[in-house]
Each structure stands twice: as structure tokens, then as C-alpha cells.
Amino acid sequence: MGAYIAKRLLAAIPVLFGLTIIVFLIMAMIPGDPATAILGSYATPENVAKLNRDLGLDKSLPEQYVIWLGNLFQGDLGRSYSLNRPVLDEVLERFSATLILAGTALVLCSVFGLLAGIVSAVRQYGWADKIITLLVLMGISTPSFFLGLLLILVFAVKLRLFPASGMYAIYGGGDLPDLFQHLTLPALTLSVVATGVVARLTRTAMLEVLRQDYIRTARAKGLPERKVICKHAFKSAFVSVVPVIGIQAGFVIGGAVYIETVFQWPGIGSMLVKAIATRDLLLVQGGVLVVAAAYVLFNLLADVVQTLIDPRLR
């Protein structure tokens, strides 16, 4: 198993290297001059030229990339122009908040998606299956930002059950119950689409397993239906669902960008929106690179878990 994990880690290296190239080129192609955006009303030709030299933006793109990559290998993502602090410090601080939101959404979509898929498959063509299918289709079809605004309107503005924005209360709070209150609406919003995807694929996998001969044999032996479903059918179907959950982990991290903007969650998504608006290239590059690396690592973790469940995949 150690050799398999090492092999997968080595395979992730060229992927991460390719991500650095893509991130750098995308930021280089954004129109506009960062120095002009930073200086604002002080953007005289002399000041712009001086700032470009200080930031290294007067060099060619290959030179800029080599310098940035060399600093990256040393754990230095540069210094944010707009915040005047190291990019790595800001990204890690914001990413911790994003992990709380994305991790909660991933747990919700995994639990509810698996349960909905199992019930839908066991009660195929029944009322439970039809209701779950309808809810799943509605969840997948509803834009997350619209659902977030709707939840704010109903539960924050009308019913006043949950706060509309932020991670903690402005005055007081700061404890775990306060965090859970602020986390409820954005986590639910972020998990809806992923829950629908997991539920549909769990249903498909369960239906395929329930048609197998060994399931019919288990039932013929007189095993309780709950034991047949939980111990035999679900265990086999779960192997097919694990990679989907890994992909959804990347989805919830990426989807946190606009969900954090809607709920003013102080994570890496809202940081990226502000950094793009201020043309803070190094901050955007660092943030996108960390998100992309997390996506790769989550998929790697899903592959390892899938292999542990089913050793034949090695």
C-alpha cells in the first residue's frame, strides 16, 4: 500500500507543475496594468515604470515565471500589494475558513447523498424514489448563489433564525455555537448540488449491485433485508461512489468562491474576488494554486480510500 501511495504522489507532481504554468499564464493574460491599478490616481508614467521594476513586471513572462517558481519552491509566494503582507500567510489564514465551510458541506452532501441514494434504490419506482428524484433534480438545477440568497431572505430576514453573513458575530460570540449558527446557511447552500450528484450516482450503483447473483443468494438464505442492504449491497456500491465524493470535495472548494461572496464568509473565495478587483496578481496566483493543489490532494485521498476498500484496484 505504501508503494501505491508513493506512486500516486509521484504522479501528482507533474499535475501540480502544470497547474503552476496554467495559473501563471491565466493571470498574465488578464487585461490591464497591475501597477496602474495599484497606484490609482498616482499612476504617472514615472511611478508606473518604477513600480513595474520593483515588482519585476518589466521582465519577460518566462523570466517572471522562473522567479515566481523559484520562490515557490522556497515556500515564498511573494507579498500582497494590496494587503502589504506575505501571500502565504494570508492564503493559509483564509484557507482555514474555507476548509471549515467546504468540509462541513462535504460531510453533509456525503451523508444525505448516500442515504437518499440508498433509499431511492431500495424503494425503486415507489413514492420515496419519486420524491427523492424530484428533490435531487431541483437541487442540481437551482443555481447555488440564487439558493443562498433565497435562504438568506427566508431564514435570516423573515424568520431571523440564522445570521445572514460573516463567520462570527461582530459583537461578542466567537465560540463554537456562534460558528455553527453562521455556518448553517452557507454550508447547506454549498452542499445542495453535491448532495444531488452523490445521491444519483449512489442510486445507480446500488441498483446495479442489487441485481447481482450474490445479493439474490443472500436473500435466499433468509438474511434480514437490512443486513443485505447495509452489509453486502452498500459495501460494494460504496467503492464506486468514493471517487465521486472525492470529485465533489474539489467542487465544494471551488464553489466556495461565490458562496463566500454571497454570505461574506472570510475564506479564500472572497479573498480571490477582492484580489482580482485590485489586480493583486501574486495573491490571486497563490490562492488559486492552493485551491488547485487541494483539489488534486482530495482526489488522491479518494483514490487511496477506494483502494483500501477494494484491494483489487491496486
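**Exercises on two pockets**

In this predicted model, α8 supplies the largest share of the lining of the largest pocket, 8 residues.

**Exercise 1.** Describe the largest pocket by its space, its lining residues and the elements that contribute to the lining.

*Solution.* Step one is the volume: the largest pocket holds about 590 Å³ of space. Step two is the lining, which has 22 residues; L135, G139, L147, V192 and T195 are the closest to the pocket centre. Step three assigns the lining to elements: α5 (87-122), α6 (127-141), α7 (144-158) and α8 (176-210) each give two or more residues.

**Exercise 2.** Sort the lining of the largest pocket by residue class.

*Solution.* The lining contains 16 nonpolar and 6 polar residues. No charged residue is part of the lining of the largest pocket.

**Exercise 3.** Describe the second largest pocket, and find which element gives the most to its lining.

*Solution.* Start with the volume, about 480 Å³ of space. Next, count the lining of the second largest pocket: 26 residues, with L55, L57, Q64, Y81 and L282 nearest its centre. The elements giving two or more residues to this lining are α1 (2-29), α3 (45-55), α4 (61-73) and α12 (281-309). Finally, α4 gives the most, with 5 residues.

**Exercise 4.** How many residues of each class line the second largest pocket?

*Solution.* The nonpolar class has 14 residues and the polar class 7. The charged class has 5 residues in the lining of the second largest pocket, whereas the lining of the largest pocket has none.

Technical notes: Residues numbered from 1 in each chain as written. Predicted model: local features only at pLDDT ≥ 70, side-chain atom pairs only at ≥ 80, totals over all residues. Heavy atoms only, no water. 1 Å grid on protein atoms, 1.4 Å probe; cavity = no way out; pocket = protein on both sides within 12 Å on 5 of 7 lines; lining within 4 Å. Points joined across faces, edges and corners; volume = space filled by probe spheres on them. Helix = DSSP H or I, 4+ residues; strand = E, 2+ residues; numbered from the N terminus. Nonpolar A, V, L, I, M, F, W, Y, C, P; charged D, E, K, R; others polar.
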